[in-house]
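Here is a short set of exercises to work through with the model open beside you. Try each task before reading its solution.

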Amino acid sequence: MPRENRPTHPLDSSPEGPLNRLLRQAEQHRRVETAILEALPGNLAEACRFGGYANGELTLLVPDSTRASQVRFQQRAIVRDLRQHERFSQVWRVRARVQPWHDPRPRTIRTRPEMTAENAELLREVAEETEDSGLSGILKRLSSHAHDGQ
């Protein structure tokens, strides 16, 4: 049986139900990503993710431009290591795409410290003694931010 000349896609799947096909592709994606990360040098393996594979071109997702430069610099070694896997025998190029990763940690809400009445009074006194009218006005407005309940 003759083999086609076009490169094989590592995520080929059989036409079944849409959910089964999606789950199978997700599992294949995970296995492919694991194989790729094993072929990468240690410092890049921690920072790269598998983005895609088409027409012999492998796309790696990296969080910043520094890692993208490292991938480009080590491209020949990465391709050589990947070609040892039968699945990636047709890889001829590695492309790095910068895609900052979403940080799942919730942001902490910072509360601004409130101005005490004593500090507001000090600002008003400095504003009255200041000769610069612009600075004096700013200090008076700033002192008005004090809360009356303190």
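**Exercise 1. A patch on the surface**

Which residues make a nonpolar surface patch of about 320 Å²?

*Solution.* Before starting, note that this is a predicted model, in which local features need pLDDT of at least 70 and side-chain atom pairs count only at pLDDT 80 or more, while totals for chains, interfaces and linings use all residues. Residues are numbered from 1 along each chain as its sequence is written, and side-chain values use heavy atoms, with hydrogens and water left out.

Step 1. Recall what qualifies: patches are made of residues with over 30% relative accessible area and no salt bridge, like charges being joined within 9 Å and nonpolar side chains (Val, Leu, Ile, Met, Phe, Trp, Tyr) within 5 Å. Accessible areas come from the Shrake-Rupley method with a 1.4 Å probe, and for residues only the protein chains shown count as cover.

Step 2. The patch is made by Leu 19, Leu 22 and Leu 23.

Step 3. Take Leu 19 as the example: this residue lies in helix α1 and is exposed, at a relative accessible area of 56%. The classes are buried (under 20% relative accessible area), exposed (over 50%) and partly exposed (in between), with a 1.4 Å probe and protein chains only.

**Exercise 2. The two sides of α1**

Describe helix α1, then find which of its residues are buried and what covers them.

*Solution.*

Step 1. Start with the span. Helix α1 runs over residues 18–39, and its 22 residues reach 31 Å from first C-alpha to last, close to the expected 32 Å. That expectation is 1.5 Å times one less than the number of residues. Helices (H or I, at least four residues) and strands (E, at least two) are DSSP runs, numbered from the N terminus.

Step 2. List the buried residues: Gln 28, Val 32, Ala 35, Ile 36 and Ala 39. They sit on the same side of α1 because they cover an arc of only 95 degrees around the axis. The arc is taken from the directions from the helix axis to the C-beta atoms.

Step 3. Look at the opposite face. Turned away from the buried side of α1 are the exposed residues Leu 19, Leu 22, Leu 23 and Glu 38.

Step 4. Find the cover. It includes β1 (49–54), β2 (57–62) and α4 (75–82), where a contact means heavy atoms within 4.5 Å.

Step 5. Check one buried residue. Ala 35 has a relative accessible area of 15%, and its C-alpha is separated by 9.8 Å from that of Phe 50, 15 residues apart along the chain.

**Exercise 3. Salt bridges**

How many salt bridges does the structure hold? Describe those of Glu 27 and Glu 57.

*Solution.*

Step 1. The structure holds five salt bridges. Each is a side-chain nitrogen of Lys or Arg within 4 Å of a carboxyl oxygen of Asp or Glu. Side chains of opposite charge can pair when their charged atoms come close.

Step 2. Glu 27 pairs with Arg 30, the closest N and O atoms being 2.5 Å apart. Both lie in helix α1, three residues apart, about one turn of the helix.

Step 3. Glu 27 also pairs with Arg 31, with the closest N and O atoms 3.8 Å apart. These two are four residues apart in α1, again about one turn.

Step 4. Compare exposure: Glu 27 counts as partly exposed at 32%, Arg 30 at 45% and Arg 31 at 40%.

Step 5. Glu 57 forms a salt bridge with Arg 93, with closest N and O atoms 2.9 Å apart. Glu 57 lies in strand β2 and Arg 93 in strand β3 (residues 93–98), so the pair ties together parts that are 36 residues apart in sequence. Glu 57 is buried at 16% relative accessibility, whereas Arg 93 is partly exposed at 33%.

Step 6. Through shared partners, salt bridges join Glu 27, Arg 30 and Arg 31 into one network.

**Exercise 4. A residue in β2**

Is Thr 59 buried or exposed, and which residues does Thr 59 touch?

*Solution.*

Step 1. Thr 59 is placed in strand β2 and is buried, with a relative accessible area of 9%.

Step 2. Leaving out residues up to four places away in sequence, Thr 59 touches Arg 49, Phe 50, Gly 51, Gly 52, Arg 95 and Arg 97.

**Exercise 5. The whole chain**

In what order do the elements run from the N terminus on?

*Solution.*

Step 1. The protein chain has six helices and three strands, in the order α-α-β-β-α-α-β-α-α.

Step 2. Of its 150 residues, 25% are buried.
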